[in-house]
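Ready for a little practice in reading a fold? Have the structure open beside you and work through the exercises at your own pace.

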Amino acid sequence: MKKALITAEIDDHTIEELNNLGFEVEVTGWGQTHEALSEKEIIARTADIALLVVEVEQITEQIIRAASKLDQRAQEKRLA
């Protein structure tokens, strides 16, 4: 199963739709606690994620590089 890391506010219906698309969803950070995750905390969770959705957290080049299972085209666009 593909993994999704969501740090944005998200409703149960959307989580269910992601599950139906084959994603195991983890909701954390701002979306859960209204406290942003640090770069280190995000990196610790990104090694095996295929989808990353953020609202407040800052996504750095180091985070993108650590998320090796993200779609490579998405990584290239983000780093450009």
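**Exercise 1: the paired strands**

Find the residue of β2 that is the bridge partner of Leu5.

*Solution.* Keep in mind that this is a predicted model. Go to Leu5 and look across to β2: the bridge partner there is Glu26. Next, widen the view to the two strands, β1 (residues 2-6) and β2 (residues 23-27), which pair in the parallel sense over five bridges. Finally, trace the connection: the chain leaves β1, passes through helix α1 (residues 12-20) and arrives at β2, a β-α-β crossover that is right-handed.

**Exercise 2: another partner for β1**

Work out how β1 and β3 pair, and which residue of β3 stands opposite Ala4.

*Solution.* Start with Ala4, which has Leu51 of β3 opposite. Then look at the strands as a whole: β3 covers residues 51-53, and its pairing with β1 is parallel, over three bridges.

**Exercise 3: a loop residue**

Decide whether Thr28 is buried or exposed.

*Solution.* First locate Thr28, in the loop between β2 and α2 (30-33). Its relative accessible area is 12%, and the cut-off for buried is under 20%, so Thr28 counts as buried. Now see what surrounds Thr28: beyond its neighbours within four places in sequence, it is in contact with Leu5, Ile6, Thr7, Leu37 and Arg45.

**Exercise 4: the whole chain**

Write down the order of helices and strands along the sequence.

*Solution.* Begin with the inventory of five helices and three strands. Reading along the sequence then gives β-α-β-α-α-β-α-α. To finish, set Thr28 in context: buried residues make up 28% of the 80 residues in the protein.

Definitions and conventions. Residues numbered from 1 in each chain as written. Predicted model: local features only at pLDDT ≥ 70, side-chain atom pairs only at ≥ 80, totals over all residues. Heavy atoms only, no water. Pairing = 2+ DSSP bridges. Helix = DSSP H or I, 4+ residues; strand = E, 2+ residues; numbered from the N terminus. Right-handed = clockwise from strand over helix to strand, strands pointing away. Buried < 20%, exposed > 50% of the residue type's maximum accessible area, 1.4 Å probe, protein only. Contact = heavy atoms within 4.5 Å.
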